[in-house]
Number of protein chains: 2
Amino acid sequence: MSLSRAKLTSNFPGCPVEATLSFLDGKWKGVILFHLMGGTLRFNELRRKLPSVTQRMLTKQLRELEESGLVSRTVFPVVPPRVDYALTPLGLTLRPVIEALAAWGEENVSCLPEGRYLGEVSDVSVTAAIKA
Amino acid sequence: MSLSRAKLTSNFPGCPVEATLSFLDGKWKGVILFHLMGGTLRFNELRRKLPSVTQRMLTKQLRELEESGLVSRTVFPVVPPRVDYALTPLGLTLRPVIEALAAWGEENVSCLPEGRYLGEVSDVSVTAAIKA
DNA sequence: CTGGATCCCTCATGATACTG
DNA sequence: CAGTATCATGAGGGATCCAG
């Protein structure tokens with residue numbers, strides 16, 4: 001992991017950036033939040049949005065986000081099981097942050113919303129990825 | 001670790017957030033960029049701003065930022081040695097992102113506002129002060 | 001469908017010492 | 001001052017199987 005686990009009680013001696021990033025720590029939190037900005041999602045819906053994350057990690061990251069108070073988890077006692085994930089009010093306040101991250105990525109990494117790439121991305125890996 | 005090392009060869013299937021975050025990956029990149037937003041800094045100046053990062057790590061993160069094209073490294077062939085670190089034009093485009101991160105941190109994590117950062121105080125005394 | 005439980009292993013980070 | 005060079009570590013993350 002990168003930053004200390006997100007705790008509001010943690011000691012971040014003077015760096016608000018570090019504090020915020022600690023909430024996004026972990027390999028997938030940012031992306032999860034990004035997708036949840038679009039509204040509530042079920043577990044498998046999230047899985048489909050994150051093609052390359054394992055089930056285990058998705059669960060783990062979601063639990064951590066829940067613990068941080070950014071994401072709410074609602075279990076419906078039905079068969080088959082259903083669990084909804086949504087942003088909490090606190091999570092929603094991250095919208096400007098996520099949007100800034102998304103905007104920069106779109107402008108500088110040539111990452112199309114549809115998943116296509118332009119520019120600097122290595123032809124090799126892209127080609128390989130597409131072939132796969 | 002959080003995200004895959006910032007390499008444009010990575011596969012970011014449609015998530016600009018993940019792409020951006022990959023540039024901030026590592027324990028200290030965000031904070032380094034944050035401080036460099038204030039202008040060029042020498043190596044030891046940065047060290048003083050990041051009380052808890054080891055020399056080795058600071059060097060490493062700076063090198064990675066340089067490789068990502070976000071930070072420039074200027075060596076002056078003088079004695080004693082002098083090396084300046086500054087944001088590149090690309091690095092400067094991250095300002096909105098860093099500012100969003102900082103703003104959120106200031107609002108949601110108890111952190112001193114407006115330029116005053118406890119970072120300059122040693123961890124020991126900060127911890128002691130909080131305990132008190 | 002939504003996870004929990006295990007095993008395993010890489011790698012990012014840390015501590016320390018040395019150098020031009 | 002601004003780094004390298006080594007060595008050690010442990011937690012993050014992947015794979016797989018099991019369960020209500």
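How many nonpolar, polar and charged residues does the surface near DNA strand C have? By class, there are nine nonpolar, six polar and eight charged. I will come back to that surface after a word on the model and on chain A.

What you see above is a predicted model, not an experimental one. Chain A contains seven helices and three strands. Read from the N terminus, the order of its elements is α-α-β-α-α-β-β-α-α-α. Chain A has 132 residues, and 45% of them count as buried. If we take the contacts in chain A between residues at least 6 apart in sequence, 44% of them link residues at least 24 apart.

Now the DNA. Strand C is surrounded by 23 residues. The closest are A:Asn44, A:Arg63, A:Arg73, A:Tyr85 and B:Arg56, so please find those on the screen. Of the strand C atoms that come within 4 Å of the protein, 67% belong to sugar and phosphate.

Three side chains can be placed against phosphate oxygens of strand C. For A:Arg73, an N or O atom of the side chain is 2.5 Å from a phosphate oxygen. A:Tyr85 has a polar side-chain atom 2.5 Å from a phosphate oxygen. From the other chain, B:Lys27 puts a polar side-chain atom 2.8 Å from a phosphate oxygen. As for which elements give two or more residues to the surface near strand C, chain A supplies helix H3 (43–49), helix H4 (55–68) and strand E3 (82–87), and chain B supplies H4.

Next, the aromatic rings. Over all chains, the count is three aromatic pairs. One of them is A:Trp104 with B:Phe23, an edge-to-face pair with 5.3 Å between centres and 75 degrees between the planes. A:Trp104 sits in helix H6 (residues 95–108) of chain A and B:Phe23 in helix H1 (residues 16–23) of chain B, so this pair joins two chains. Both A:Trp104 and B:Phe23 are buried.

Another pair is B:Phe43 with B:Tyr85, which is tilted, at 6.5 Å centre to centre and 50 degrees between the planes. B:Phe43 belongs to helix H3 (residues 43–49) of chain B and B:Tyr85 to strand E3 (residues 82–87) of chain B, so the pair ties together parts 42 residues apart in sequence. B:Phe43 is buried at a relative accessible area of 18%, and B:Tyr85 is buried at 2%.

Rings also come with charges over them. In chain A, A:Arg82 lies over the face of A:Phe76, 4.3 Å from the ring centre. In chain B, B:Arg82 lies over the face of B:Phe76, and there the figure is 4.4 Å.

Back to H1 of chain B, the helix that holds B:Phe23. How many of its eight residues are buried? Eight of the eight, so to speak of this helix as mostly covered is fair. Among the buried residues are B:Pro16, B:Glu18, B:Leu21 and B:Phe23. What covers them includes helix H2 (29–36) and H6 of chain A, along with helix H2 (29–36) and helix H4 (55–67) of chain B.

One last residue, B:Lys29, is in helix H2 of chain B. Is B:Lys29 buried or exposed? B:Lys29 is buried, because its relative accessible area is 3% and the cut-off for buried is under 20%. The side chain of B:Lys29 makes a polar contact of 2.7 Å with the side chain of B:Glu64.

That is where I will stop.

Technical notes:
Residues numbered from 1 in each chain as written. Chains lettered and ligands numbered in written order. Predicted model: local features only at pLDDT ≥ 70, side-chain atom pairs only at ≥ 80, totals over all residues. Heavy atoms only, no water. Phe/Tyr/Trp six-rings, centres within 6.5 Å; stacked < 30°, edge-to-face > 60°. Helix = DSSP H or I, 4+ residues; strand = E, 2+ residues; numbered from the N terminus. Buried < 20%, exposed > 50% of the residue type's maximum accessible area, 1.4 Å probe, protein only. Lys NZ or Arg CZ within 6 Å of the ring centre and 35° of its normal. Contact = heavy atoms within 4.5 Å. Near = heavy atom within 4 Å. Polar contact = N/O pair within 3.5 Å; in protein donor to acceptor, adjacent residues only side chain to side chain. Nonpolar A, V, L, I, M, F, W, Y, C, P; charged D, E, K, R; others polar.
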